[in-house]
Amino acid sequence: MLEYSVYSIMTGMLISFIAGTSLTWTSPEIGYLNATDAGVFDGSLTDDESSWIGGVLSIGAALGPFVFGYLADRIGRKYTLLSLTIPFGLSSLASAFANKVSEFLIARLITGLGVGGTFSVLPMYIGEMSLNDHRGILGAAMNIFICTGLIFTYVVGTFVSNILAFNLLLAALTGAFFILFLLIGAETPHYYVQKNKHDLAKQALLKIRDASEDEVEKELELIRSEIEKEERGSMLDIFRNKGSRKAFIIGSGLVFFQQMSGINAVLFFAQVIFEQAGTSLKPAYCSMIIGSVQFGTSFITPVVSNVLGRKILLIFSAIGMALSESILGIYGVLKDHDEDSVNNLNFLPILSLVLYIITYNVGFGPVPWVIMGELFPNSIKSSASALATAVCWITSFIITKWFSQLAHTLGQGTCFLGFATASLLAGVFVHFVVLETKGKTLSEIQVDLNK
């Protein structure tokens with residue numbers, strides 16, 4: 001029988017499904033918004049306006065960690081995850097009834113707040129609720145829920161062409177998460193210890209662990225000793241000692257390279273990418289294939305992360321992304337110079353992006369968030385996670401806002417060769433900088449960081 005902590009974590013992960021639906025929202029919806037027969041904008045939406053609707057989510061996501069990271073320390077991890085339903089629900093309702101570019105921009109900005117909060121608070125929640133042996137598996141499982149959300153929007157968003165109906169459906173799913181997690185979710189014992197509520201911490205452990213009272217007392221004492229020896233820190237404390245600096249460099253570096261691989265350009269503008277690449281399948285179907293592959297491969301990392309280790313997965317992922325994006329980049333450059341030279345190779349865009357998604361999804365997709373939940377000491381966990389997550393989404397904004405313009409100016413192939421180069425550099429970064437955390441307690445990780 002599974003521990004109650006697993007049920008609580010798995011229910012909490014439903015918020016990452018909601019975040020996943022938000023990430024691919026633009027891929028089907030932009031086309032429907034700008035359709036000349038029944039779209040809200042009737043073909044008048046410019047490329048610049050489309051790129052802002054796609055990119056503004058990342059601005060909100062860069063701000064979200066600071067808002068919800070603060071709440072995580074004030075009202076607890078559970079109620080902070082519940083509060084994420086506010087931006088997701090409001091933005092879905094706003095998108096359902098919006099009819100101006102400015103209204104969609106505001107809705108997507110609000111969505112971003114929820115996305116950023118999810119990516120900073122949920123790994124923290126998973127890390128604190130999990131046993132050491134399960135932490136890697138459960139942390140990587142977050143990606144399964146994200147990928148389920150991605151493919152949900154690719155498929156349902158494509159076939160439900162009514163903007164109002166689709167966004168009301170997203171609002172209803174957000175409400176369903178709120179009810180389920182309110183009833184099933186538990187607060188982390190770490191939060192209670194931080195607030196000197198040791199009786200509540202013990203009750204929480206007795207609820208979430210399938211263990212005797214003596215075993216619970218031992219774990220509670222370990223949590224208490226970890227937290228009490230750490231003074232509460234500010235954001236400046238991230239940079240005041242060797243271990244915290246190294247943790248921040250690793251965490252922010254991983255999510256920086258995650259975004260520099262071009263993942264959100266692929267997710268946000270999948271249909272546009274396939275249209276420009278001239279693939280032999282309909283772009284909408286190509287997007288569904290990409291989503292299906294991402295969903296299918298999301299089950300791999302939870303199985304192998306505790307066997308192979310984080311670093312091996314990340315290096316394999318970096319090499320695979322570089323190879324697949326190089327293929328697409330070379331194809332795009334050849335197509336731009338002589339379209340006839342690639343007439344018999346129009347299967348390559350979908351093949352290379354399938355390979356990219358597979359290799360991304362077994363490493364650089366989920367593993368940075370697993371490591372993020374393990375690296376930071378409790379004294380700076382909220383502020384450091386918020387700042388590192390902001391680095392992720394600022395990078396995402398730069399990529400998604402200007403991808404379309406750069407692809408138009410330099411060519412889509414050149415852009416993907418740039419992403420391939422960044423992926424190679426990611427592998428170098430992992431080899432020389434990233435710490436292996438497999439099988440280590442949070443205390444042991446802190447000792448290794450401070451060596």
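Visitor: What volume does the largest cavity have, and how do I even look for one?

Guide: Rolling a probe the size of a water molecule over the atoms shows where empty space is left. In this predicted model, the largest cavity comes out at about 160 Å³.

Visitor: How many cavities of 30 Å³ or more are there?

Guide: Three. The second largest has a volume of about 110 Å³.

Visitor: Let's stay with the largest cavity. Which residues lie nearest its centre?

Guide: Look for Leu23, Phe119, Ile146, Gln258 and Tyr360, which belong to a lining of 16 residues. Helix 8 (132–159), helix 13 (242–260), helix 14 (263–268) and helix 21 (381–410) each supply at least two residues of that lining. By class, there are 10 nonpolar and six polar residues around the largest cavity, and no charged ones.

Visitor: And what lines the second largest cavity?

Guide: That one has 13 lining residues, with Ser22, Ser91, Ser92, Thr111 and Leu170 nearest the centre. At least two residues each come from helix 2 (14–23), helix 6 (85–97), helix 7 (101–129) and helix 9 (163–184). Helix 6 gives the most, with four residues. The class count here is four nonpolar, eight polar and one charged.

Visitor: Now a helix. How should I read helix 4?

Guide: Start with the general idea: an α-helix has 3.6 residues a turn, so residues three or four places apart point the same way. Then check the span. Helix 4 covers residues 47–74, 28 residues in total, and reaches 42 Å from its first C-alpha to its last. That is close to the 40 Å expected at 1.5 Å a residue.

Visitor: Where does helix 4 have a kink?

Guide: Go to leucine 63, where the kink is about 30°. Proline 65 follows shortly after that point. Keep going past the end of helix 4 and you meet glycine 76, which takes a positive phi of about 100°.

Visitor: One last feature. How many disulfides does the structure hold?

Guide: A disulfide is a covalent bond between the sulfur atoms of two cysteines. This structure holds zero of them.

Visitor: Why is cysteine 147 without a bond to another cysteine?

Guide: The closest cysteine sulfur, in cysteine 392, is 14 Å from the sulfur of cysteine 147, so the pair is too far apart for a bond. Seen from the other side, cysteine 392 is in no disulfide either, with cysteine 147 holding its nearest cysteine sulfur.

Visitor: Are these two cysteines buried or exposed?

Guide: Cysteine 147 is buried, with a relative accessible area of 0%. Cysteine 392 is buried too, also at 0%.

Terms used: Residues numbered from 1 in each chain as written. Predicted model: local features only at pLDDT ≥ 70, side-chain atom pairs only at ≥ 80, totals over all residues. Heavy atoms only, no water. 1 Å grid on protein atoms, 1.4 Å probe; cavity = no way out; pocket = protein on both sides within 12 Å on 5 of 7 lines; lining within 4 Å. Points joined across faces, edges and corners; volume = space filled by probe spheres on them. Nonpolar A, V, L, I, M, F, W, Y, C, P; charged D, E, K, R; others polar. Expected span 1.5 Å × (residues − 1). Bend = angle between axes of the 7 residues up to and from the residue. Disulfide = S-S within 2.5 Å. Buried < 20%, exposed > 50% of the residue type's maximum accessible area, 1.4 Å probe, protein only.
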